[in-house]
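The following note sets out several points for consideration alongside the coordinates. Each point may be checked directly against the structure.

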Amino acid sequence: MACVLHNSPSIFPKMEPNKLNLTNLERQSGSEIQTNEFDYSKRAQWLRAAVLGANDGLVSTASLMMGIGAVKQDIKAMILTGFAGLVAGACSMAIGEFVSVYSQLDIEVAQMKREKLQRRNLEGQELESKDDEKLPNPLQAAAASALAFSLGAMVPLLAASFIRDYKVRLVVVVAAVTLALAMFGWLGAILGKASPIKSAIRVLVGGWLAMAITFGLTKLIGVSGL
């Protein structure tokens, strides 16, 4: 009887080593793809807040300074206008980001509570604990937006702070803002795996239009005496 069992074919199918290795590789590659997709999606949220905050701070503060520079040549007026724009813009960005992310947090918490009612086993509890780690942080998002806006707004302020000549000051502000816009657009595209040239051109054109429109309209109103 023992001999018969020894010579009979096995009732359990055997998997060839090559197929087994291929299956393991496919599982590993699948998990890596999921991890990369999660990393990029999570990175995109922070990129959006950081790039938008820095770009808004740069463009809005530079446009304000160019607008006041269209009617007043005083350096003190230009610096005070830029500083006021920095403080107001940073507060606005922080409050807006806080409200937006807090609303998202409320929605996700409500969704988790609904899912908790449907999951009563151990696996559901583990999934819930993992979801807690993915919840957005409103205070962190608000601080990041305010910091990014302030860093962007510091560029035109520093560029204009030490130049007394009116025309040279305007040229230096435009040049510094142009360089910073190109850098922000390139950096955002590189980190987000997008086209650096298209992104830089898009950001540059938007910044130039904002400064030109603000300068032109303010000059027109100043000349007309309205």
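1. In this predicted model, helix α3 covers residues 75–118 and contains both phenylalanine 98 and tyrosine 102. The two residues are 4 positions apart, about one turn of the helix.

2. A search of the whole structure finds 1 aromatic pair. The partners are phenylalanine 98 and tyrosine 102, whose ring centres are 5.4 Å apart with 45° between the planes. The pair is classed as tilted because this angle is neither under 30 degrees, as for stacked rings, nor over 60, as for edge-to-face rings.

3. Are the two partners buried or exposed? Phenylalanine 98 has a relative accessibility of 30% and therefore counts as partly exposed. Tyrosine 102, at 39% relative accessibility, also counts as partly exposed.

4. The UniProt record, an unreviewed entry, places the feature "transmembrane region" at residues 75–95, 141–163, 170–191 and 203–222. Over residues 141–163 the model is 91% helix and 0% strand, with 35 Å between the end C-alpha atoms. Over residues 170–191 the chain is 100% helix and 0% strand, and the end C-alpha atoms lie 32 Å apart.

5. Valine 171 belongs to helix α6, which comprises residues 166–191. Its relative accessible area is 58%, so valine 171 is exposed, the cut-off being over 50%. A separation of 9.7 Å is found between the C-alpha atoms of valine 171 and alanine 159, which are 12 residues apart along the chain.

How values were computed. Residues numbered from 1 in each chain as written. Predicted model: local features only at pLDDT ≥ 70, side-chain atom pairs only at ≥ 80, totals over all residues. Heavy atoms only, no water. UniProt positions renumbered as here; feature names shortened; annotations may be inferred. Phe/Tyr/Trp six-rings, centres within 6.5 Å; stacked < 30°, edge-to-face > 60°. Buried < 20%, exposed > 50% of the residue type's maximum accessible area, 1.4 Å probe, protein only.
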